[in-house]
Amino acid sequence: SIGNIIIEAVGPAVTFVQKMPSYNKKGRRMTINTADIPVLYNEMKSSGLQFDEDVFKPYLKIWKNQNIKAKKIPHEPYKPYDFQLKDVSDMLQKKCCILGNEMGCGKTHEAVRVGFSLRMNKLIICPASLRLNWRNEILMADPQADIGIIQSSDKKIESHEWLIIGYPSVAKHLNKLKKKNIRCIFADEAHFVKAVDNYGSPASQRGAAVLELAAYAEYVYAITGTPKTSRNKDLYNILRMIRHPLVVKNDSFYEYGQRYCDAYNNGFGMDYSGNSNDEELNKQIAPYMIRHLKKDVLPNLKKQRQTITVDTDTREYKKLLKEAMDEYRNTGNKSSGQFLGMLQKAKQNLAIAKIKDTLDLSESIVSGGEQVVIVSCFTEVINQVEQKYKDNCCKIVGGMSDADKQQAVDDFQAGRKQVIAINVVAGGVGITLTAASKMIINDVPWT
């Protein structure tokens, strides 16, 4: 069960299990939360009761403070900031925490440094579009790193020191992953697992799978630049992931909802969509979170541009590109309409092939409660963005009146829409989109 250990106890041991705060029984099945295991072990040990101590050892390790020191990475891609080195030390000391630094503060690099200090099997769970980006970050720190990327279609998962998997594949490969003895988990864009039902259980298969893996790991790091979205309810699964004291009991969600979600009965059931006692909740989370804003630690940082490598099928693109180059070689005229048209067709094919990754990346921003601008040269890309986000999206494309364009800008700037998709020609100049601090450029124009 999620976050809990199934206990099989007989005779006098049952009494000790029943005294645990998270004890729960359904039929013949008893469970307690992993947080209660050290308490159970110590009470049974001090009583003189005879029991199999080896059963407890894997779980006692989870709660043991080992005080591991940060190690040097094999290769320094750049000189780290002092705050980054301190973050790494703090993460190793806390063992389970939220890494909530604002985007641009180097969360991924910090996580990689933590991973190199922990010589154990590690699992990175991230949006599928970021798998290669994580691999590249690890290879920058160690070109010889042992890395495996898990695909949804994989029948078998090979053993590697670093395993990287996309959120959509975790539930499918859950049983295989549980056999890999993974002791360290990095959950990037952790707000992907925020959905929780009114009983405190994950409302998605991926959320349930991630929490189950986290329950057995010694080190768990929830990575998100937006740790607190608009609703306190959205924090609950993340707090369970890092074993926060607020959520270790079986009935924790009811207490959490009453205290921090302004819970009330709306006539159909309990409504936990509100917020209450925010300042108290922030104080409760602070010891379990590392959080910096760019303006505090990097006041002189300018606009950042990052190229993200994605795993895209380019076979059709290469075929079209070859046809275009054959046309050029045959005519020797690179300004001919035929050659330029064929080149543009290849360019369009590649742009459309990247939509899936663009939408996956944008979802990591939108699910965190932020706004995003998506840019493309092609109508097909804009249309697919609009189809995904529907009423939460506005667009600026050719053929729109000035009034309609301005209405789209106004809706986005006022926060009525989280996503705006713009054609680089129709919306490339003369508009203000400062409501967002993040822009995804799916494809670039010739100039």
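This briefing walks through the overall build of the protein, its two open sheets and a few buried spots worth finding in the viewer. The model is predicted. It contains 18 helices and 16 strands, and 47% of its 447 residues are buried. Two open sheets with parallel pairing organise the tour: one has seven strands and the other has four strands.

**Overall build**

- The C-alpha trace of the protein spans about 90 × 55 × 45 Å along its principal axes.
- Among contacts with a separation of 6 or more, 69% link residues 24 or more positions apart.
- The accessible surface amounts to about 22900 Å², and carbon and sulfur atoms supply 49% of that area.
- There are 63 positive and 50 negative side chains, and the centres of these two sets lie 4 Å apart.

**The seven-strand sheet**

- Reading across this open sheet, the strand order is 6-7-5-8-9-4-12, and the pairing is parallel.
- Strand 6 (147-150) and strand 12 (289-290) are the edge strands, and each of them pairs on one side only.
- Strand 5 (residues 122-126) is a good place to start looking: five of its five residues are buried.
- Lys 122, Ile 124 and Cys 126 point one way from strand 5, while Leu 123 and Ile 125 point the other way, and all are buried.
- On one partner, strand 7 (residues 162-166), strand 5 pairs in the parallel sense over five bridges; here Cys 126 stands opposite Gly 166.
- Strand 5 is also joined to strand 8 by four bridges, again running parallel, and in this pairing Leu 123 faces Ile 185.
- Moving on through the order, strand 8 (residues 184-188) and strand 9 (residues 219-223) run parallel and are joined by five bridges.
- Ala 187 stands opposite Ala 222 in strand 9.

**Helix 9 and the loops around it**

- Helix 9 (residues 205-215) is largely enclosed by the rest of the structure, because eight of its eleven residues are buried.
- Those buried residues are Gly 207, Ala 209, Val 210, Leu 211, Glu 212, Leu 213, Ala 214 and Ala 215, so the list includes a Glu alongside Ala, Leu, Val and Gly.
- Leading from strand 8 to helix 9 is a loop that holds Glu 189.
- The phi of Glu 189 is near 50 degrees, a positive value in a residue other than glycine.
- With a relative accessible area of 18%, Glu 189 counts as buried, since the cut-off is under 20%.
- On the far end of the helix, Ala 217 sits in the loop between helix 9 and strand 9, and this residue is buried at 0% relative accessibility.
- Leaving aside neighbours within four places in sequence, Ala 217 is in contact with Ile 62, Ile 182, Arg 183, Cys 184, Ile 185 and Arg 243.

**Arg 243 and its surroundings**

- Arg 243, one of the contacts of Ala 217, lies in the loop between helix 10 (236-241) and helix 11 (252-260).
- Its phi is near 60 degrees, and this too is a positive value in a residue other than glycine.
- Arg 243 is buried, with a relative accessible area of 8%.
- Ile 242 and Ala 217 are 25 residues apart in sequence, and their C-alpha atoms are 10.0 Å apart in space.

**The four-strand sheet**

- This open sheet has the strand order 14-15-13-16, with parallel pairing.
- Strand 14 (393-396) and strand 16 (439-441) stand at the edges with a single partner strand each, so one side of each has no neighbour in the sheet.
- On average, neighbouring strands here are turned by 20 degrees against each other, direction ignored.
- Three bridges pair strand 13 (residues 372-376) with strand 16 in the parallel sense, and Val 375 has Ile 441 in strand 16 as its bridge partner.
- Helix 16 (residues 355-366) packs on this sheet, touching strand 13, strand 15 (419-423) and strand 16.
- The direction of helix 16 makes about 165 degrees with that of strand 13.

Terms used. Residues are numbered from 1 along each chain as its sequence is written. This is a predicted model: local features need pLDDT of at least 70, side-chain atom pairs count only at pLDDT 80 or more; totals for chains, interfaces and linings use all residues. Side-chain values use heavy atoms; hydrogens and water are left out. Buried means under 20% relative accessible area, exposed over 50%, partly exposed in between (1.4 Å probe, protein chains only). Contact means heavy atoms within 4.5 Å. Accessible areas come from the Shrake-Rupley method with a 1.4 Å probe; for residues, only the protein chains shown count as cover. Lys and Arg count as positive and Asp and Glu as negative; His and the chain ends are not counted. The place of a charge is taken as NZ of Lys, CZ of Arg, CG of Asp or CD of Glu. Two strands pair if DSSP finds at least two bridges between them. Axes are lines fitted to C-alpha atoms, for helices over the stretch in contact, and angles run from 0 to 180 degrees between N-to-C directions.
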